[in-house]
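Visitor: I am new to reading protein structures. Please pick one part of this one, take me through it slowly, and then show me a few other places to look.

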Amino acid sequence: MSIERINELRDILRRLSREYYELDAPSVSDQEYDRYMQELIELENQYPEAYDPESPTQKVGGKVLEGFNKVAHKEVMLSLGNAYNFEDLQAFDERVRNEVGNVEYVVECKIDGLAMSLIYDEGKLQMAVTRGDGTVGEDVTNNVLTIRSIPRTIDFKGPMELRGEVYMPKASFEHLNAIRRERGEDEFANPRNAAAGSIRQLDSRIAASRKLDAFWYTYVNAENDGMTTHEQCLERFAQLGFHCNEERRVCKTIQDAWDYIQEMTEKRNDLAFDIDGMVLKVNSLADQRRLGATIKTPKWAIAYKFPAEEVITKLHDIMITVGRTGKITPNAVLEPVRVAGTSVSAATLHNEDMINAKDVRVNDFVVIRKAGDIIPEVVRALPERREADSKPYVFPTICPICGSKLIRFEDEANHYCINQDCPARVVESIIHFASRDAMDIDTLGDKKVEFLHNHGWLNTVEDIYKLKNHREDLLQCEGYKEKSVDKLLNAIEDSKQNPLEDLIFGLGIRQVGKKAAKILAQQFQTMDKLMLAEKETLTKIHDIGEITADAILAFFAEEKNQQLIEALKHEGLRMDSDQIEKVESYFTNKTVVLTGSLERMTRDEAKDLLEKYGANVSGSVSKKTDLVIYGENAGSKLQKALQLNIETMDEVSFISEVNRYETT
Ligand SMILES: NC(=O)c1ccc[n+]([C@@H]2O[C@H](COP(=O)([O-])OP(=O)(O)OC[C@H]3O[C@@H](n4cnc5c(N)ncnc54)[C@H](O)[C@@H]3O)[C@@H](O)[C@H]2O)c1
Ligand SMILES: [Zn+2]
């Protein structure tokens, strides 16, 4: 049970990390992410046999993006351990003192940006590299050079590496989003994502337009330059012309540090940049060295994370929105209030049960919580402040957009509008089709889809590909300049070449997420074959259950959907896959774990081969594992496989097994 939970948590955290680090588009709050991480850490401590070097608890950051040169860090770039309250800090302080005795801490702001390494030599900036996975980062020198506050040349001749945080000042962020709003483009969730997205642009003119800044706080090999404390390093940076955050304090005790954190909690919203916590660092560099680091975090520093913020405001009304699947979501219309640095005037109420459970009524005072960037939430009502005009909310029985009767399925908390032609659903399905994980049509975001729909130019998904016939009309609209219109139309044309998996996902078939779309594309290779698939064939596929199979069959059985696909074919959309076709083999449908170092191929090559032959490659050995393939110096995973009586295979046997299929 718990092993399953461990695997589940690892999957969740990997998905969230990808969204956060690679797509710069998180779907949950940092607090929520941290809660999953905390749960996983505790479970892994309880079940040491589930140890896996690939676990998110052992990993820093995300993957390196394609398109940039990869650079290995001379010294790894680590993450930071987390504290959420005074007790956590006291425990940290105790560990430090047990190790090195009395210490001083420098307490500084935890800047919500992205970590960066700068390398100077002979007084010149040579390279700027992102943290990446901590070992290898991306060379983003051209983009970093657009940050004016970073000196190109410094008065220091030797080689020097410093690290810090690139961030987007709040003012630049507000300005950027205002422009994007005007153009009907999707807004950035928060300054961190905006900064990370800007630095990882292949076109440095975009980065230049984003008005980024940076603070520097780590001096690699500072002791070679005669430094003895962290505070000295910061002073040295400032002297050389780098921006260092003045908002910091040297504290003699953990209580002093806590007092300063309290002060900053009050002050944080008034700063010109976003901070998501405070960082405590042992001041003495010699002590830092003695304390050392774990695989992921230094032992001489810790990050205190601010809790999610809550405020009270009045709820004026409850409004309903209709999603792509017809799902009905009630939203609170609020008296605008500042929380976590931004003005909030709407918050989600999830569904009818939630409204009832929280007893939220129109005209009530309510508590709102906003965790950083994510959609704010109504936490509870304040019945003690209820006035005469407070009214219990009656959940609608018909769709506010199309008037169809709403349905609530058994065992489901949500209501649905099941009218396929409901305009709200149409708009949402077009937004989904164009979204990043689907057809990835640049600049065709929510606002623009709504706008084009309201003008009558987008009534179905296929209309996207007919927009080019409205080029002249578009140019007449305010905010639609030639350049942006052509950019949109080109992105639409380009999307025709996307592989089948993007299209399948974009169609928005119920139950079919990104992963299932990929599996289907791999299995069937073409849309035609997928459309002809029978239930038996579908359910035989690993990861496709009965419910998903039924949803797929129902989707393609509908004449409207068949017509849509016909129309998309007619528009010239690609209908086949990039995924390699799977071959029936000894490995088909087996869960396989690779361990140790392989001699004839890389881990990734072995994984690709196994996937081609129908295996499911997994990171950790459990009862569900069918086979462990091992190379040189295989360690705990192989041992565990033997303990659990799981079949094992060495590299040579693996290759000869594979060769049987390669030749036939
Ligand atoms: N919402 C999500 O889906 C999601 C997904 C992945 C990660 N996250 C967030 O990211 C965190 C993990 O990211 P992380 O590994 O970058 O750790 P982190 O952000 O918790 O802390 C480490 C980083 O803090 C930064 N930092 C800022 N100011 C600093 C200072 N003064 N001194 C030292 N470092 C400073 C550095 O870049 C450093 O790498 C999670 O705790 C979570 O909050 C969220
Ligand atoms: Zn409707």
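Guide: Let's start with a term: two strands pair if DSSP finds at least two bridges between them. Please keep in mind that this is a predicted model. With that in hand, look for an open sheet of five strands, in the order E2-E11-E10-E3-E9, where the pairing is mixed. That sheet is the part I would like to walk through with you.

Begin at the edges. Strand E2 (82-83) and strand E9 (248-251) each have a single partner strand, so each has one side without a neighbour in the sheet. From E2, step across to strand E11, which covers residues 301-305: the two run parallel and are joined by two bridges. If you want a pair to find on screen, Ala83 has Tyr304 of E11 as its bridge partner.

Now step from E11 to E10. Here five bridges do the joining, and the two strands run antiparallel. You can check this with Gly277, which stands opposite Lys305 in E11. Putting the two steps side by side shows what "mixed" looks like: E11 is parallel to E2 but antiparallel to E10.

Pause at E10 itself, residues 275-282. Seven of its eight residues are buried, so this strand is largely enclosed by the rest of the structure. To follow that reasoning you need one cut-off: a residue is buried if 20 or more other C-beta atoms lie within 10 Å of its own. On the other side of E10 comes strand E3, residues 105-111, which pairs with E10 in the antiparallel sense over seven bridges. One pair to look for there is Glu108 with its bridge partner Val279 in E10. A useful habit while you follow such strands: in a regular strand, side chains alternate between the two faces of the sheet.

For comparison, there is another sheet to visit. It is open too, with four strands in the order E5-E4-E7-E8 and antiparallel pairing. At its edges are strand E5 (124-130) and strand E8 (213-220); each has a single partner strand, so one side of each lacks a neighbour in the sheet. On average, neighbouring strands here are turned by 30° against each other, direction ignored. In the middle of the order, strand E4 (residues 114-121) and strand E7 (residues 160-167) run antiparallel and are joined by seven bridges. Met116 is a good landmark, as it stands opposite Gly164 in E7. Helix H6, residues 191-199, packs on this sheet and touches E4, E5 and E7, its direction making about 125° with that of E7.

Helices also meet one another, so let's look at two such meetings. The axes of helix H1 (residues 2-22) and helix H2 (residues 30-46) come within 10 Å and cross at roughly 145°. This crossing is left-handed. Among the residues that make the contact are Leu9 and Leu13 of H1, and Tyr36 and Leu40 of H2. Sorted by class, the contact has ten nonpolar, one polar and four charged residues.

The other meeting is between helix H12 (residues 423-434) and helix H13 (residues 446-454), whose axes come within 9 Å and cross at roughly 135°. These two helices are therefore oblique to each other. H12 passes H13 in a right-handed crossing. On the H12 side you will find Val427, Ile430, Ile431 and Ala434, and they meet Asp446, Val449, Glu450 and His453 of H13. That contact divides into five nonpolar, one polar and two charged residues.

Finish with two loop residues. Gln511 sits in the loop between helix H16 (500-506) and helix H17 (514-524). Its phi is near 75°, a positive value in a residue other than glycine. Asn633 is not a glycine either, yet its phi is positive at about 50°. You will find Asn633 in the loop between strand E23 (627-630) and helix H23 (636-643). Asn633 is exposed, with 9 other C-beta atoms within 10 Å, while Gln511 is partly exposed, with 15.

To place all this in the wider picture, the protein has 24 helices and 24 strands, and buried residues make up 34% of its 664 residues.

Terms used:
Residues numbered from 1 in each chain as written. Chains lettered and ligands numbered in written order. Predicted model: local features only at pLDDT ≥ 70, side-chain atom pairs only at ≥ 80, totals over all residues. Axes fitted to C-alpha atoms, helices over the stretch in contact; angles between N-to-C directions. Left-handed = near helix turned anticlockwise from the far one by under 90°. Contact = placed C-beta atoms within 7 Å. Nonpolar A, V, L, I, M, F, W, Y, C, P; charged D, E, K, R; others polar. Parallel < 35°, antiparallel > 145°, perpendicular 65-115°, else oblique. Buried ≥ 20, exposed ≤ 12 C-beta atoms within 10 Å, placed from the backbone.
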